[in-house]
Amino acid sequence: MIPSPFRRTIAPLLAVCLVFLAGCAGTTPSRFYTLTPVKAADTPASGVPFEGGSLLAVGPVRLPDYLDRPQIMTRSEGNEIRMHETERWAGSLEGDVARVLIENLSVLLAGRNVAVVRWTSAMQSMAPFRNRLGVDVLRFEGSVGGEVVLKARYSLFGPDGRKVISAGESIVREPVGGTDYGALTAAMSRALAAFSREVAAAIPAR
């Protein structure tokens, strides 16, 4: 027989354990997403080796602070932004946008002998590139089952990395075509691909 003081101690402890286990059972596991670049087969020109071509340095690529969070942000009608704790980016969204933009431009400009690299401040003094591309994303979110809106400005700089030789603003709207976050992030990837094509068209021929 269990002594009475021990029974009085173990009963609350069991209750706490049951509450903890119930909480664990009710927790929704997080899911993680990344953006995806265009495939070489999706473009008319691909797989052209870079030999004696020019160099395009991409960066910085900036996002608004409210977007660069681990949680995926969606926008309802109006100005309400919603943050989803269990639907998350696998890394920094700002870094992911820069990565996919560089990959997209590498594919889109391969036929024009333009190699695309990530710009760093250390490259400024070396100036080995022909052009530098800076991008400011002003809006990049959507709604599940709705549409994604990408609004971004780009500036194309000359070899000194400071003189702007071309600039533009783009607004891309892409239907999500699904009712989950996989469809939402796929639509965001397509919107970034469309923006990449607009930017690629603005890169001057050698």
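This passage describes helix α4, its packing against helix α2, and a cis peptide bond in strand β2 of a predicted model.

Helix α4 spans residues 181-202 and comprises 22 residues. From its first C-alpha to its last the helix reaches 32 Å, close to the 32 Å expected at 1.5 Å a residue. At the start of α4, the backbone nitrogen of G182 is approached by a side-chain oxygen of D180, which lies within 3.2 Å.

Helix α2, formed by residues 93-108, packs against α4, and the two axes come within 9 Å. The axes cross at roughly 50°; this angle falls neither under 35 degrees nor in the range 65 to 115, and α2 and α4 are therefore oblique to each other. The crossing is right-handed. On the α2 side, the contact is made by V97, V100, L101, N104, L105 and L108. Their partners in α4 are L192, A193, F195, S196, R197, V199 and A200. By residue class, the contact of α2 with α4 divides into 10 nonpolar, two polar and one charged. An α-helix has 3.6 residues a turn, so residues three or four places apart point the same way. Such spacing occurs in the α2 set, for example in V97, V100 and N104, and in the α4 set, for example in L192, F195 and V199.

Elsewhere in the model, the peptide bond from G59 to P60 is cis, with omega near -10°. P60 belongs to strand β2, which covers residues 54-62.

Terms used: Residues are numbered from 1 along each chain as its sequence is written. This is a predicted model: local features need pLDDT of at least 70, side-chain atom pairs count only at pLDDT 80 or more; totals for chains, interfaces and linings use all residues. Side-chain values use heavy atoms; hydrogens and water are left out. Helices (H or I, at least four residues) and strands (E, at least two) are DSSP runs, numbered from the N terminus. The expected span of a helix is 1.5 Å times one less than its number of residues. A polar contact is a pair of N or O atoms within 3.5 Å; within protein, one must be able to donate a hydrogen and the other to accept it, and residues adjacent in sequence count only if both atoms are side-chain atoms. Axes are lines fitted to C-alpha atoms, for helices over the stretch in contact, and angles run from 0 to 180 degrees between N-to-C directions. Angles under 35 degrees count as roughly parallel, over 145 as roughly antiparallel, 65 to 115 as roughly perpendicular and the rest as oblique. A crossing is left-handed if the near helix is turned anticlockwise from the far one by less than a right angle, and right-handed if clockwise. Contact means heavy atoms within 4.5 Å. Ala, Val, Leu, Ile, Met, Phe, Trp, Tyr, Cys and Pro count as nonpolar, Asp, Glu, Lys and Arg as charged, and the others, Gly among them, as polar.
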